Amino acid sequence: MYKTAIIYCSLHHKNTEKLVKAIKSKYNITLIDASVHNSADLSVYELIGFASGIAFGKFYSPVEKFLSENLPENKKINAAGKFRRPLLLWNVPSCILISL
């Protein structure tokens, strides 16, 4: 399995947090709460996921801020928008998109 991290933000009912903790209970992954942590070295991960509620068509702002400040230049992502990469498909092994 790829060395994996999921950057998440869980507001209101904490459903996103429940989901990523359930994933962690089955797989050896690192969880990074973007509302608590401002930075992390993501270059060590082969697979990076994002998990957040969606507000007005966007991830919650802590996830967007965390990614804009911490995503390594050499990582491909499959999210359109301001994270320095074009839209890619689900089969890209460097990153996954979890949209709740």
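Of the 100 residues in the protein chain I want to talk about this morning, 42% count as buried, and I should say at once that what we are looking at is a predicted model. The chain has two helices and six strands, and from the N terminus on these elements follow one another in the order β-α-β-β-β-β-α-β. If we take the contacts in the protein chain with a separation of 6 or more, 61% of them are accounted for by residues 24 or more positions apart.

Before the details, a word on confidence. The average pLDDT of the protein chain is 76, and 73% of the residues score at least 70. Going element by element, strand β2 has the highest confidence, at 96, whereas strand β6, residues 98-99, has the lowest, with a mean of 42. Over residues 78-100 the pLDDT is below 50, although in the model this stretch has 65 contacts beyond near neighbours in sequence. Where pLDDT is low, the predicted coordinates should not be read in detail, and I will leave that part there.

Let me turn to helix α2, which spans residues 61-70. Which of its residues are buried? They are Val63, Glu64, Phe66, Leu67 and Asn70, and because they cover an arc of only 165° around the axis, they lie on the same side of α2. The general background is that an α-helix has 3.6 residues a turn, so residues three or four places apart point the same way. As for what this side meets, the buried residues of α2 pack against β1, β2, β3 and β5, where β2 covers residues 30-33, β3 covers 47-52 and β5 covers 58-59.

The same helix also carries a salt bridge, and the count for the structure comes to one. Here Glu69 is joined to Lys65, with 3.2 Å between the closest N and O atoms. Why are these two placed to meet? Glu69 and Lys65 are four residues apart in α2, so that about one helical turn separates them. Neither partner is buried: Glu69 is partly exposed, with a relative accessible area of 47%, and Lys65 is likewise partly exposed, with a relative accessible area of 47%.

Next, the loop between β1 (4-9) and α1 (15-26), where His12 is found. His12 is not a glycine, yet its phi is positive, at about 60°, and with 68% relative accessibility His12 counts as exposed. Lys14 lies in the loop between β1 and α1 as well, and for Lys14, again a residue other than glycine, phi is positive and near 65°. Lys14 is partly exposed, with a relative accessible area of 38%.

The loop between β2 and β3 holds Ser35, which is partly exposed at a relative accessible area of 43%. What does Ser35 touch, once its neighbours within four places in sequence are left aside? It is in contact with Tyr8, Cys9 and Pro62. Ser35 and Leu11 are 24 residues apart in sequence, and their C-alpha atoms are 9.0 Å apart in space.

Finally, two items that involve aromatic rings. The charged end of Lys3 sits over the ring of Tyr45, at 5.5 Å from its centre, and the structure also holds one aromatic pair. I will stop there and take questions.

How values were computed. Residues numbered from 1 in each chain as written. Predicted model: local features only at pLDDT ≥ 70, side-chain atom pairs only at ≥ 80, totals over all residues. Heavy atoms only, no water. Salt bridge = Lys/Arg side-chain N within 4 Å of Asp/Glu carboxyl O. Buried < 20%, exposed > 50% of the residue type's maximum accessible area, 1.4 Å probe, protein only. Arc of directions from axis to C-beta. Contact = heavy atoms within 4.5 Å. pLDDT = per-residue confidence, 0-100. Phe/Tyr/Trp six-rings, centres within 6.5 Å; stacked < 30°, edge-to-face > 60°. Lys NZ or Arg CZ within 6 Å of the ring centre and 35° of its normal.
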